[in-house]
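Let's take a walk through this one together, from the whole chain down to single residues. Have the viewer open and follow along.

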Amino acid sequence: MADGSPLSPHVAARLQMNYASALDLLRSNATPDKKKNASKVTAALKTMLHYDIDPSLLPALVFYLSYEKVSSVGNVTRLVFYLLNHCKEERLQESDFPSAFSALDTLLGKKGSVPLRVEAVKTFSLVLPETFSAKAKVDEVCVNGLRVDGGKDKKKAKENANKVWHQYASLYAYRHREVTDESTLHLICEGVTSEDPVAARHAFAILCKYVKLQFRAFICTNALQYLISGVGGTRANLEDELARVFMVRLLADIGTAPDADTSVSNKDAFYSILCQRVMDQSNRVSYEAIQALARGSWAKLASATFATYADKDADANHLVKLSDKSVLKAIITRLCVAFSHSNTAIPFMHATMRTAHAVCVSHICHQALASDMSNPGEFLPPVVRDKSDLGVVPTPALSQPSSHVPNSHLVRELRKMSSAPEHVLMPMFRVLEEYVAERVAPAQLRLYALKCLVWLAFGDGLILSQRIIERELRASSLSGAQFATLFLEMLERSEVTPSCTPMVLHLVRVWREVSPEEVCHHTIGRLWESLASKGPLGRHLVLKNIFECLDIGSRAQKHAHDVKFLRYAYAHLGAHGVMLASGEKTKESAEGGEDTIAAALEAVLVRLQNAAVFSEWETRNVAVEALAQIGICSPSIGVRTHILEVCKALPAESCTRSRSDALLHVVKRLMEASERWAGRLEECGGTLEDYQLELMSEEKMLRSLTEIFGGWSSSESCIGPQFTRFLAS
């Protein structure tokens, strides 16, 4: 905090008293033996409202609360409380405790001033540190405030109201301080039944904090009785909306805990109450409950049903009357109704989208675990049957801009294709499709809807999702940055269920075709790199997609964005070409040994060779760099020999001549070292213990040579993979 810095220089310049004068006056008057002028103190305090307060002023402010003649002036007390709350990040020193305790006792001893006593408890709970003496004083005051006797006697109504106020102040204090014993926490559990709704909110917030810490088992045992029937017929006060939000978080932490958590008891009871909150009258509370349920077990959510409630109990718990017994169907119905109201506020629609997204992600994650869809070796959807045409999920006229077809007609077609009953999430799919097709909502909301459709792309929705997203790509309904965000969402989806890989790569090709100037190269590169890690078939699909995108660029006019994409794709082939081509070995490559180049890698080399000869000079440099990386990273003698021939064939006047000469030198050195050490390994009978230091020295030298082309990134030896074990030892 900057001492004396004005919050508004414009206002500070018009004050009657400056900061230095006000600070000196407050400090000089903070002594018991000096006569005080309440009006001057008030003016100085008002001046301090417009500045950042010096923490050293805290003892003086506390003194004014303990001095009867000054604290009796209402303006002074209110101003001091405001300034102390403004400095709540600072704490009093231990030498100031006697003055602070005296001020607190003075304020609590005033009769007939309940708001003043409440504010005193709240303020001193913030400025007193967590030392032993300060904690003991605060606990003494707050524990007494938490003990509230119900009392139905009308003659004691005012006294009971005052106790409720003190209970509120004590709960506020403990929300900002540490609770260390179960007896205090038991009183806080009783606080959820407070007559003051905000006090109940603070009690639930405290329980949410400590249910994650050392009092987890204690809260699970004691809080449930106030949430179901209550002790002596007393239930939790759920009038405040934020109190119900904190209650939902408490229920979620206990009800959705994993089975391995042995500290949780009555988990099913907490889960049942959490399910009831789905039908809360407040959308905020309902969405909080839905997202909490989505983070838990999908199988448990799909089979969950509502407990029967009488109408009066539903109204008392702020619940909407139930029409569905299934919790999941009620969730889908509530979200679909929210989507159908196009005139609702944008923040509410954002909350609805986030909740729907959480439900869709939960379902896909469960599906991946249940059917082992995350297995990288098996990610092709059932509709793809011809291995020669992988990468595109077949849809009608995908190569042409598809006109909008009513989704009800598409769904009827899909129903004919499948005899399975309609999935429970399909109603939300149809509503989202209509929401996107109308294009009335803001672009950010339509982007969120498309994100949900990405996670709804399964079964019958796989074809329909691809069609909808392709239509939006061809219409350029979103900006390039927003489409990049959508593709990152597809990346997350493909990490969970690689079955959508063909759909994602097809949409990459469409984006490259229809909006080449808006394509985010780094986003596509991340997709290629991630999807290539899904096994041999993933590498095959990614390599095919790169070739398709390069063909689009070669057919297009040579705009700046096309040339930029070509360079990025060539650089990607150089960095990952050896890995992408290391898929299923062909019969020819298996029989030919190291001197034979695999068909996929040969295709990569041909494209890079053409780019190094026939492109403009900047692209030729990138292509030579890519060839260098492949030649360096590939242990195959045939690959290195081919790259040497390419370098020799480059024109002498070419601007890439210097780079190709450097590449020629590096590859020759690698091949000579590999051949020399292979012969020495054979002579020594498979061991190089006597030459280990020499091998390590040459390995280091060769790695330094490769730094001109990006360096050696593999953990294996650059001389040959068979020498890696000697370097490791």
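Of the 729 residues in the chain, 51% count as buried. Keep in mind that what you have on screen is a predicted model. The secondary structure is quick to describe: the chain has 37 helices and zero strands. As for how the chain folds back on itself, take the contacts with a separation of 6 or more: residues 24 or more positions apart account for 72% of them.

With that background, have a look at how some of these helices pack. Start with helix H11 (residues 182-190) and H12, whose axes come within 8 Å and cross at roughly 135 degrees. Roughly antiparallel would need an angle over 145 degrees, so H11 counts as oblique to H12. The crossing itself is left-handed. If you want to see what fills the contact, pick out Leu185, Ile188 and Cys189 on the H11 side, which meet Ala203, Ile206 and Leu207 on the H12 side. By class, that contact comes out as six nonpolar residues, with no polar and no charged ones.

Now jump along the chain to H27 and helix H28 (residues 521-531). Here the axes are 11 Å apart and the packing angle is about 155 degrees. That value is over the 145 degree cut-off, and H27 and H28 are therefore roughly antiparallel to each other. This crossing is left-handed as well. On the H27 side, the contact is made by Thr501, Val504, Leu505, Val508 and Trp511, and these meet Ile524, Leu527, Trp528 and Leu531 in H28. The tally by class for H27 with H28 is eight nonpolar residues, one polar and no charged.

While you're at H28, where does Gly525 sit, buried or exposed? Gly525 belongs to helix H28, and with a relative accessible area of 3% this glycine is buried. Leaving aside residues up to four places away in sequence, Gly525 touches Tyr568 and His572. Another distance you can check is Gly525 to Ile546: they are 21 residues apart in sequence, and their C-alpha atoms are 9.9 Å apart in space.

For a second single-residue stop, try His366, which is found in helix H21 (residues 346-371). His366 counts as partly exposed, because its relative accessibility is 29% and the partly exposed class runs between 20% and 50%. Not counting residues up to four places away in sequence, His366 touches Trp298 and Ala299. From His366 to Gly296 the C-alpha to C-alpha distance is 9.9 Å, although the two are 70 residues apart in sequence.

On to the charged side chains. Side chains of opposite charge can pair when their charged atoms come close. How many salt bridges does the structure hold? There are 22, and a few of them are worth a visit.

Asp253 forms one with Lys212, with the closest N and O atoms 2.6 Å apart. Asp253 lies in helix H15 (residues 241-255), while Lys212 is in the loop between helix H12 (197-210) and helix H13 (216-222), so this pair ties together parts that are 41 residues apart in sequence. The two ends differ in how they face the solvent probe: Asp253 is buried at 17% relative accessible area, whereas Lys212 is exposed at 58%. The pair also has company, since Lys212, Arg216 and Asp253 are linked in a network of salt bridges.

Next, go back to H27, where the side chain of Arg509 meets that of Glu548 in a salt bridge of 3.9 Å, N to O. Arg509 is in helix H27 (residues 501-514) and Glu548 in helix H29 (residues 536-555), 39 residues apart, and the pair links distant parts of the chain. Arg509 is buried, with a relative accessible area of 17%, and Glu548 counts as partly exposed at 22%.

Last stop: Arg567 and Glu616, whose side chains form a salt bridge at 3.7 Å, N to O. Arg567 lies in helix H30 (residues 560-580) and Glu616 in the loop between helix H32 (599-614) and helix H33 (617-633), so the bridge ties together parts that are 49 residues apart in sequence. Arg567 counts as partly exposed at 23% relative accessibility, and Glu616 counts as partly exposed at 34%.

Note on methods: Residues numbered from 1 in each chain as written. Predicted model: local features only at pLDDT ≥ 70, side-chain atom pairs only at ≥ 80, totals over all residues. Heavy atoms only, no water. Salt bridge = Lys/Arg side-chain N within 4 Å of Asp/Glu carboxyl O. Helix = DSSP H or I, 4+ residues; strand = E, 2+ residues; numbered from the N terminus. Buried < 20%, exposed > 50% of the residue type's maximum accessible area, 1.4 Å probe, protein only. Axes fitted to C-alpha atoms, helices over the stretch in contact; angles between N-to-C directions. Parallel < 35°, antiparallel > 145°, perpendicular 65-115°, else oblique. Left-handed = near helix turned anticlockwise from the far one by under 90°. Contact = heavy atoms within 4.5 Å. Nonpolar A, V, L, I, M, F, W, Y, C, P; charged D, E, K, R; others polar.
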